[in-house]
Each structure stands twice: as C-alpha cells, then as structure tokens.
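Colleague: I am new to this one and would like to know how its descriptions are justified. Could you take me through them?

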Amino acid sequence: MERTLSQADTPREELRRVVVALRTRLQLDMALNRAIPASYLRKQGAVKRVYAPARERVRLEAADRPEQTLEDVRDALGDCRRCPLCKTRANLVFGEGNLHAELVFVGEAPGADEDSQGRPFVGKAGQLLTRIIVAMGLERQDVYICNILKCRPPDNRNPRPEEIAACEPFLIRQLQAIRPKIICALGTFSTHTLLKTDTPIGLLRGRFHSYQGIELMPTYHPAYLLRNPGAKRQVWEDVQKIMKAL
Ligand code: SF4
C-alpha cells in the first residue's frame, strides 16, 4: 500500500514542507502577476488560507527579481529536496532542448527510463513523442521538453498535490525564461496543473487556451496513445493546429 505523506512525516515536517512549497509558488506566481485563486489552493489541499500581508510581501520581493535564464532556474533548483520524491529519484530530470524554443512540450513526470538517464521523454512514450515532433517537421532539438515534476513518483503513481505545489514554480520559471510561442500540455496532469482546471482533457484538447498570454494546446499524453492507439488521430489533429499556429 502506498505510504501517504501524513504517515511518513510528522505533522511539523509536513507543515514545513507545505509552507515552503506555498511560499515559492506564491513568489513565482506573483512575479508573473498571476493570482492564485484561494479556492484552487484549498482544493489542492495546499493551504487553508492565503493571507493578504503575505501577498504584499512576496509582491515586493518579486518586483526586485531580475529576469532569469534557464541556467539560473537550474541553479536555483540545485539538488532539490523540496518534496519527498528526492528520496526515491535516481536523477532529477530538469528538461532539455532549445533554450529559445517556440514550442515547449510539458509532460507529467519522469518515468523509469527518464529517471535512470536524467533526460525527459526517452522511454517508449518519449520515442513516440519524438516521432510526433518529426512528423511536425521539427527535430527534438528545435523544441523544449520538460515535465510538471522533475523527479519520478515511485511506481509511476500519480503526482500528489504537495509535490506539484513544490515543483511547479520551477516549471513556471522555465517557461518564463524560454517564453515560447506555444505550449503543448501532454496529458491530464500537465493540462490541469497549467490551466488550473479539472475539466476532462477530452473536453479541453483540440483548441488553444491561454496560459500567461501563451497559446496552450492540451492533447493526450504519448503514454496514453501507447495504450489507446485510436486516439492518435485526435493528437494529430491537435499538433496540426500547433503547426499552423507556428
Ligand atoms: S519533484 Fe521537484 S520539488 Fe520534488 S524533489 Fe524533485 S525537483 Fe524538488
């Protein structure tokens, strides 16, 4: 049976981790002038309240922060131990590709192959993503590829809210550094995390949404396509729209 956070840690450790994750998240979202609805945070179980004085403080801190490069973001992430996944990962998978990519693919989390190699989308699902990219008339080095989580959840279980809360700020900073024209969100977790919605991906895919002024196309995850080859037609429709927009 999976071990839950509350079973694994004392309440004090759990509270400290949630506070660290929330503070980082607030700082980065404020830097992007992005308000986080308290209702969303409550739903994710991250916090009970967001206090106005804390908002003002991080707004001031964010105003002093200069623009960052991907290298800065990687340096800031360091040997990250902000969530429990640091204990089970073999390698942290930051992301790779063109630092000035017009198109960024955002997946869910590293799998076993990615964890062992420290690179995103290199397993079977990654090979399918590579074929999709080539079919678009691009190469892997033309785009940037990363995930919501930088470390592999044990047994490929679903990401947990506290893990997303701890890790997402670095994805936000990556996207802020790259400033792509289009983001392709691969799968449910990526789409829900970026768009802050729980609408089924089947209803979200196929049209562009806005993410911080960037066009975002949700589509099915390549791993889903391996299990459901019939969905390849819909993914192809989605990437054709991306190609047209590029
Ligand atoms: S998943 Fe993200 S927040 Fe958690 S340890 Fe890895 S890099 Fe840090």
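Modeller: Happily! This is a predicted model. Let's start with strand 2, which is covered on both faces: L103, F105 and G107 are buried on one side, and V104 and V106 are buried on the other.

Colleague: Why do the residues split into two sets like that?

Modeller: In a regular strand, side chains alternate between the two faces of the sheet.

Colleague: What makes strand 2 largely enclosed by the rest of the structure?

Modeller: Buried means under 20% relative accessible area. Five of the five residues in strand 2, residues 103–107, are buried, so the strand counts as largely enclosed.

Colleague: How do you know that strand 2 and strand 4 pair?

Modeller: Pairing needs at least two bridges. Strand 2 and strand 4 (residues 182–186) have four, in the parallel sense, so the pairing holds under that rule. Within strand 4, I183 is the bridge partner of V104.

Colleague: And which strand has Y144, standing opposite V104?

Modeller: That is strand 3. Strand 3 (residues 144–147) runs parallel to strand 2, and four bridges join them.

Colleague: Now helix 8: how do you know that its reach is close to the one expected?

Modeller: Helix 8 covers residues 161–178, and its 18 residues reach 25 Å from first C-alpha to last, against 26 Å expected at 1.5 Å a residue.

Colleague: Where does helix 8 bend?

Modeller: At C167, by about 35 degrees, with the proline P169 following within four residues.

Colleague: Why is helix 8 called largely enclosed?

Modeller: By the same under 20% cut-off, 14 of its 18 residues are buried, so helix 8 is largely enclosed by the rest of the structure. After helix 8 comes R179, with a positive phi near 50 degrees.

Notes:
Residues are numbered from 1 along each chain as its sequence is written. This is a predicted model: local features need pLDDT of at least 70, side-chain atom pairs count only at pLDDT 80 or more; totals for chains, interfaces and linings use all residues. Side-chain values use heavy atoms; hydrogens and water are left out. Buried means under 20% relative accessible area, exposed over 50%, partly exposed in between (1.4 Å probe, protein chains only). Helices (H or I, at least four residues) and strands (E, at least two) are DSSP runs, numbered from the N terminus. The expected span of a helix is 1.5 Å times one less than its number of residues. The bend at a residue is the angle between axes fitted to the seven residues ending there and the seven starting there.
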